[in-house]
Amino acid sequence: MTNNLVVLGAGGLARQIVGALDDIEEVHFLGLTGEPDQQTTENGAPLLGGDQVLEKLETAYVIGLADLAVRRRLDEYASGIEKEPGLVRHPSARVEKRVSIGPGAVLMPGAHVQEAVILARHVLVDADVLICHEAVVGSQVTLSPRSVVGARSRIGAGTTIGMGGIVLPDVTLGDDVVVGAGAVVTRNVPSKTTVVGVPARPINAR
């Protein structure tokens, strides 16, 4: 498997991932995808062209965009051209025993993944996130900085936990749930629901 890596996207999240890659010696970062008429981003990372450039390269990829619909579209596109997702794991991210990390996962600085956690495909574990033992995190989940996933919790695919959000142990979140910044989730949440506050309460079902 190649150690080449492309980050799909050129916005703030993509640039944060590039910053993490600066500390990972075993990954050969090729560049970002972005507007075809640009050559570099503000921090000097090379822009390779539109997303279609992925077809021409012998490389793995990770997704550096926050929008869930776009993330899913890019994953479907890359899978269709038989590109394999890579892995970004910052050296300061702590991963304990018997953890399963799915393809395309990104573990940013200070993340802590406890024993027997399962991370599915394209999970974003941002800076200083804590995932407690035996939690299961579905595909395309975004865990924002300093969020906490309690022990044995289940986080459905496409869910986003906002900055500082907390999911207590043994709680299940459905698919495409949004947990507001600083919210504390004490009970199960059905799919396509947004919850905010302490304790977290639904504000809509999408």
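The legends below describe four close-up views of a predicted model.

**View 1. The two domains of the protein and the distance between their centres.**
According to the domain assignment, the protein divides into domain 1, which covers residues 3-86, and domain 2, which covers residues 87-196. When each domain is represented by its C-alpha centre, the centres of domain 1 and domain 2 are 22 Å apart.

**View 2. The interface where domain 1 touches domain 2.**
On one side of this interface 19 residues of domain 1 are in contact, and on the other side they meet 17 residues of domain 2. The area buried between domain 1 and domain 2 comes to about 1500 Å², and carbon and sulfur atoms contribute 59% of that area. Nine residue pairs are found in polar contact across the interface of domain 1 and domain 2, with both residues of each pair at pLDDT 80 or more. On the side of domain 1 that touches domain 2, the elements that give two or more residues are helix α1 (12-21), strand β3 (60-63) and helix α2 (68-80). Sorted by character, the residues on that side of domain 1 comprise 12 nonpolar, three polar and four charged.

**View 3. The salt bridge of D75 and R121.**
A search of the whole structure gives seven salt bridges, and the count between domain 1 and domain 2 is two. In the pair shown here, the side chains of D75 and R121 form a salt bridge with an N to O distance of 3.0 Å. This pair links distant parts of the chain, since D75 belongs to helix α2 whereas R121 lies in the loop between β9 (118-119) and β10 (124-125), and the two residues are 46 residues apart.

**View 4. The open sheet of five strands.**
Five strands make up an open sheet in the order β6-β9-β12-β15-β18, and their pairing is parallel. The edge strands of this sheet are β6 (100-101) and β18 (172-173), each of which pairs on one side only. In general, the strands of a sheet pair through backbone hydrogen bonds, in either a parallel or an antiparallel manner. Strand β15 (residues 154-155) runs parallel to β18 and is joined to β18 by two bridges. Within this part of the sheet, R154 stands opposite T172, a residue of β18.

Methods: Residues numbered from 1 in each chain as written. Predicted model: local features only at pLDDT ≥ 70, side-chain atom pairs only at ≥ 80, totals over all residues. Heavy atoms only, no water. Pairing = 2+ DSSP bridges. Helix = DSSP H or I, 4+ residues; strand = E, 2+ residues; numbered from the N terminus. Domains from an automatic or database assignment. Contact = heavy atoms within 4.5 Å. Buried area = accessible area lost by both parts, 1.4 Å probe. Salt bridge = Lys/Arg side-chain N within 4 Å of Asp/Glu carboxyl O. Polar contact = N/O pair within 3.5 Å; in protein donor to acceptor, adjacent residues only side chain to side chain. Nonpolar A, V, L, I, M, F, W, Y, C, P; charged D, E, K, R; others polar.
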